[in-house]
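Visitor: Could you show me around this protein? I am new to structures and would like to go step by step.

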Amino acid sequence: MSAASGAGAAGAESSPARLGTRDEIGAVAHALAMAFHDDPIWAWLTDDRMRQRPERAVPFFRTEARHYHKLDGCWTNDAQQGGALWAPPGRWKLGFVGILGLAPASLRLFGVRMPRALSSLDQIDKRHPTEPHYYLGFLGTHPDHQGRGVGSSLLAPTLARCDADGLPAYLESSKESNVPFYERHGFEVTETHDFPDGPRIWLMWREPRPPEA
């Protein structure tokens, strides 16, 4: 399931975001796996195995980063301190080929909880907005670099494009502590969803901002 977590607070020490190269996909995947290691939803979906060994998730995030890279939506910085994976309007669904490509890494990560992961993804997909928008599938900063503005920097280019194109943005936050961070960037909670016997997720929407006078 795609969800945004591990963003970190705003700061002033990060380098500017840029589109990641194919050679950087592995580094982005590692940063995201570390960022999500203590995420409540991912801990629930993986039976706490991600919390115990975050590196288990690297193959999964590598496959996801490769997919978003093909959409020109894999963002990082020169030090690969984190990653933001964005899908352009109309491209957020994986489709059959994407799901097939993700299956081996998903099975290794979720194991016997794969049915729970698929059910959770279906629940969230049913709530996904149909209006054209940019979708933030994943945003994460390596724990060693959180609090330095990396997350804000990684968001900036696509949010600027949203404003320039007059298009909204959407994400699902899997941590309540990250909600204020996204609110500072113009997102608002439109709905919450509680998974059966599981944690809560926050669905957030951002309207484009008008150009400054």
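What follows is a short conversation about this predicted model.

Visitor: In what order do the 7 strands of the open sheet stand?
Guide: Happy to start there! Strands of a sheet pair through backbone hydrogen bonds, either parallel or antiparallel. In this sheet the pairing is mixed. Reading across the open sheet, the order is β1-β2-β3-β4-β5-β7-β6.

Visitor: Which strands stand at the edges, with a single partner strand each?
Guide: Look for strands with one side left without a neighbour in the sheet. Having a single partner strand leaves a side free in this way, so the edges belong to β1 (18-19) and β6 (188-194).

Visitor: How many bridges join β6 and strand β7?
Guide: These two strands pair in the antiparallel sense. Within the pair, Asp-194 stands opposite Arg-200 of β7, and Thr-192 has Trp-202 as its bridge partner. The pairing of β6 with β7 (residues 200-206) runs over 6 bridges.

Visitor: Which residue in the hairpin of β6 and β7 takes a positive phi?
Guide: The hairpin has 5 residues between the strands. Most residues other than glycine have a negative phi, and most peptide bonds are trans. Here a residue that is not a glycine has a positive phi of about 60°, and it lies in the loop between β6 and β7. That residue is Asp-197.

Visitor: Is Asp-197 buried or exposed?
Guide: The cut-off to keep in mind is that exposed means over 50% relative accessible area. Asp-197 has 77% relative accessibility, so Asp-197 counts as exposed.

Visitor: And how does Gln-80 count by relative accessibility?
Guide: Gln-80 is found in the loop between β2 and β3. Gln-80 is not a glycine, yet has a positive phi of about 50°. Values between the buried limit of 20% and the exposed limit of 50% are called partly exposed. With 23% relative accessibility, Gln-80 therefore counts as partly exposed.

Visitor: At about what angle does helix α4 run to β4?
Guide: Helix α4 (residues 58-70) lies across β2 (74-76), β3 (82-87) and β4 (134-141). Among the buried residues of α4 are Phe-60, Phe-61 and Tyr-68. Relative to β4, the helix runs at about 140°.

Visitor: How far apart are the end C-alpha atoms of α4?
Guide: The helix has 13 residues, and at 1.5 Å a residue they should span 18 Å. The model agrees with that expectation, because the end C-alpha atoms of α4 are 18 Å apart.

Visitor: Where does helix α7 bend?
Guide: Helix α7 (residues 150-165) has 16 residues and reaches 24 Å from its first C-alpha to its last, close to the 22 Å expected. A proline, Pro-157, follows the bend within four residues. The bend is about 40°, and its place is Ala-156.

Visitor: What covers the buried residues of α7?
Guide: Those buried residues include Val-150, Leu-154, Leu-155 and Cys-162. Their cover includes both strands and a helix: β2, β3, β4, β5 (169-173), β7 and α8 (179-184).

Visitor: How many disulfides does a search of the whole structure find?
Guide: A disulfide needs two cysteine sulfur atoms within 2.5 Å. For Cys-74, the nearest cysteine sulfur is that of Cys-162, 17 Å away. Cys-162 is buried, with a relative accessible area of 0%, and Cys-74 also counts as buried at 2%. The number of disulfides found is 0.

Definitions and conventions: Residues numbered from 1 in each chain as written. Predicted model: local features only at pLDDT ≥ 70, side-chain atom pairs only at ≥ 80, totals over all residues. Heavy atoms only, no water. Pairing = 2+ DSSP bridges. Contact = heavy atoms within 4.5 Å. Axes fitted to C-alpha atoms, helices over the stretch in contact; angles between N-to-C directions. Expected span 1.5 Å × (residues − 1). Bend = angle between axes of the 7 residues up to and from the residue. Buried < 20%, exposed > 50% of the residue type's maximum accessible area, 1.4 Å probe, protein only.
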